[in-house]
Amino acid sequence: MIDTMREIETPEGVSLRLRAAGALPRAQAWTVDLFLRLAVLFVAMIPLSLFGKGGNGLAMLLMFALLWAYSVVCEVWLDGQTLGKRALGLRVVNADGTPVTWLPSVVRNLLRVVDALPGVYGVGLASTLIDPHARRLGDIVAGTMVIHAQELPAGQQVPTLAALPLPLVLAADEQAALVEFAERAGQLTVQRQEELANLLTPLTGQRDTAAIRQLVAHANWLLGRA
């Protein structure tokens, strides 16, 4: 896939568009979570150190909870978001777009041990670069994916450019498809926009960025803009 969109049709016939999160934002979210957990552990160690061996035992339990339970509890109770993912606008969902549940969350987090090999998430990084939906091994096994949680551009407004009349007459459905492309272009990667625009080279006589701009200009003309 050229872009990072995954389109899923629900049993009700509703089309969902999920934008997969790549390695960089996921690494940033993991780093935020790491520092938050270290801060909690550091603050808790101050009073726990006053209780001798009992305090050390409680500190070990807290460390275990922060390492293994934190991500699972947050993902299930906070709509697929740890605090780091929330800060970066990411969310864990099932591969079909439904909210993540206990078992998939436990599996994907347990497999971090494998994804972390041989160090600094080498396996996980390789997997996100190879998989078309940027999933690490834990996500593939658990049937989950990490997506951008923010709303995508509404796609209901065509960017304003100087209107350019069409060089030939198009059927009504062809005109609608052209306007829809102009509306949704902002939701696609540049490479995907160019790929689609280049299909209409016979209409525009242009390629790549120039073709995109000309199609948007034609859409402005179809919308009656000056």
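A salt bridge here is a side-chain nitrogen of Lys or Arg within 4 Å of a carboxyl oxygen of Asp or Glu. The structure above is a predicted model, in which local features need pLDDT of at least 70 and side-chain atom pairs count only at pLDDT 80 or more, while totals for chains, interfaces and linings use all residues. Residues are numbered from 1 along each chain as its sequence is written, and side-chain values use heavy atoms, with hydrogens and water left out.

Let us begin with confidence. The pLDDT, the predictor's confidence in each residue on a scale from 0 to 100, averages 86 over the protein chain, and 91% of the residues score at least 70. Residues 152-156 fall below 50, yet beyond near neighbours in sequence this stretch has 11 contacts in the model, a contact being heavy atoms within 4.5 Å. Where pLDDT is low, the predicted coordinates should not be read in detail.

Now to the charged pairs. By the rule given at the start, the count comes to eight salt bridges. One of them joins R108 to E75, with the closest N and O atoms 2.7 Å apart. This pair links distant parts of the chain, 33 residues apart: R108 belongs to helix α4 (residues 102-110) and E75 to helix α2 (residues 52-77). Helices are DSSP runs of H or I with at least four residues, numbered from the N terminus. R108 is buried, at a relative accessible area of 1%, and E75 is buried at 1% as well; buried means under 20% relative accessible area, exposed over 50%, and partly exposed in between, using a 1.4 Å probe and protein chains only. Both residues belong to a network of salt bridges that links R26, E75, R108 and D139.

A second pair to look at is R136 with D115, whose closest N and O atoms are 2.6 Å apart. R136 sits in the loop between α6 and α7 and D115 in helix α5, so this salt bridge ties together parts that are 21 residues apart in sequence. R136 counts as buried at 4% relative accessibility, and D115 does so at 0%.

For a contrast in setting, turn to R192 and E195, whose side chains meet in a salt bridge (2.6 Å, N to O). Both lie in helix α9 (residues 190-198), three residues apart, about one turn of the helix. R192 is partly exposed at 28%, and E195 is partly exposed at 33%.

Helix α6 (residues 122-130) is worth a look down its axis. Its residues G124, S127 and T128 are buried. They line one face of the helix, because the buried residues fall within an arc of 95°, taken from the directions from the helix axis to the C-beta atoms. On the other side of α6, L129 and I130 are exposed. The cover over the buried residues includes α1 (23-48), α5 (112-115) and α7 (137-142).

Finally, the nonpolar interior. A nonpolar core is a set of buried Ala, Val, Leu, Ile, Met, Phe, Trp, Tyr and Cys residues joined through side-chain atoms within 4.5 Å. The largest one has 14 residues, of which V158, L178, A197, L215 and A219 touch the most other members. Two or more residues come from each of α8 (172-184) and α11 (208-222), and α11 gives the most, with five. Leaving aside neighbours within four places in sequence, L178 is in contact with L166, L170, L203, L215, H218, A219 and L222.
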